[in-house]
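Me: I am new to this structure and would be grateful for a close look at a single part of it. Please take one buried residue as the point of departure and describe the strands around it in a connected account.

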Amino acid sequence: MTGPSGPTGATGPTGDTGTTGPSGATGPTGPTGASGASSTFAEFYALMPPDNTPTVSPGNAVSFPEDGPQDGSGLIARVTPSTFDLAKIGTYLVSFTVSIAEAGQLELALNSTPLAYTVIGRAVGTSEITEQVLLTTTVVNSLLSVINPASESTALTITPFAGGTQPVAATLVIAQLG
């Protein structure tokens with residue numbers, strides 16, 4: 001016959017650590033993350049005088065022949081002093097400011113088509129016409145211009161030396177958002 005179990009003995013000392021086992025197989029690559037914010041941008045400008053003709057006739061474009069800061073990608077580029085290439089399909093933020101001497105309007109034209117929702121103007125005085133608008137391109141290498149609408153009857157005088165002795169800058173800023 002077996003007798004009752006005795007009391008449990010004291011725990012012994014911890015043994016030495018064993019050798020490291022082999023590495024497991026590499027897991028699958030995860031999905032690509034979302035792209036970051038766009039940094040495609042360019043600024044163009046004109047000094048008045050001498051960068052534009054004294055007046056911009058109806059249907060004609062304002063010139064911005066000087067280069068301001070740009071991202072260096074070349075995806076927003078000048079084709080002529082008054083036409084700019086938007087190389088990629090996407091949405092762009094476009095801002096412009098032009099000082100003029102009379103009542104008038106300016107608008108954007110995309111691929112020679114005036115964009116009615118971009119018309120901006122003023123009725124009296126001598127000050128700037130300023131616009132900021134979003135536009136979406138549907139073809140690569142779309143061409144953008146700031147124009148005196150063809151329906152206008154008055155040529156616009158781009159004001160030199162507005163308010164002082166220094167040439168005034170007309171500016172055009174284009175940034176791709178997506």
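Reply: Ser142 counts as buried because its relative accessible area is 0%, under the 20% that sets the limit for a buried residue. The model is a predicted one, and the values that follow are computed from it. Ser142 belongs to strand S11, which covers residues 142-147. The side chain of Ser142 is joined to that of Asn111 by a polar contact of 3.5 Å.

From strand S11 the account passes to strand S5. The two strands run antiparallel and are joined by three bridges. Within this pairing, Leu143 of S11 has Asp85 opposite.

Strand S5 consists of residues 83-86. Thr83 and Asp85 point one way from the strand, while Phe84 and Leu86 point the other way. All of these residues are buried, whichever way they point.

Strand S5 also pairs with strand S4, which spans residues 76-80; the sense is antiparallel and the pairing extends over four bridges. Here Asp85 appears again, as the bridge partner of Ala77. Asp85 thus stands opposite Leu143 in S11 and is also partnered with Ala77. The connection from S4 to S5 is a hairpin through two residues.

Residue 76, with which strand S4 begins, leads to a further feature. Ile76 is among the residues that line the largest cavity. The structure holds one cavity of 30 Å³ or more, and the volume of the largest is about 30 Å³. Its lining also includes the run Gln70, Asp71, Gly72, Ser73, Gly74 and Leu75, together with Phe41 and Ala42. By class, four of the lining residues are nonpolar, four are polar and one is charged.

Gln70, one of the lining residues, directs attention to another part of the fold, since strand S3 comprises residues 66-70. Strand S3 belongs to an open sheet of five strands, in the order S3-S1-S13-S6-S10, with antiparallel pairing. The edge strands of this sheet are S3 and S10, the latter covering residues 127-136, and each of them pairs on one side only. From one strand to the next, the twist averages 15°.

At the other edge of the sheet, S10 pairs with strand S6, residues 91-100, in the antiparallel sense over 10 bridges. In that pairing, Phe96 has Glu131 of S10 opposite.

Notes:
Residues numbered from 1 in each chain as written. Predicted model: local features only at pLDDT ≥ 70, side-chain atom pairs only at ≥ 80, totals over all residues. Heavy atoms only, no water. Pairing = 2+ DSSP bridges. Axes fitted to C-alpha atoms, helices over the stretch in contact; angles between N-to-C directions. 1 Å grid on protein atoms, 1.4 Å probe; cavity = no way out; pocket = protein on both sides within 12 Å on 5 of 7 lines; lining within 4 Å. Points joined across faces, edges and corners; volume = space filled by probe spheres on them. Nonpolar A, V, L, I, M, F, W, Y, C, P; charged D, E, K, R; others polar. Buried < 20%, exposed > 50% of the residue type's maximum accessible area, 1.4 Å probe, protein only. Polar contact = N/O pair within 3.5 Å; in protein donor to acceptor, adjacent residues only side chain to side chain.
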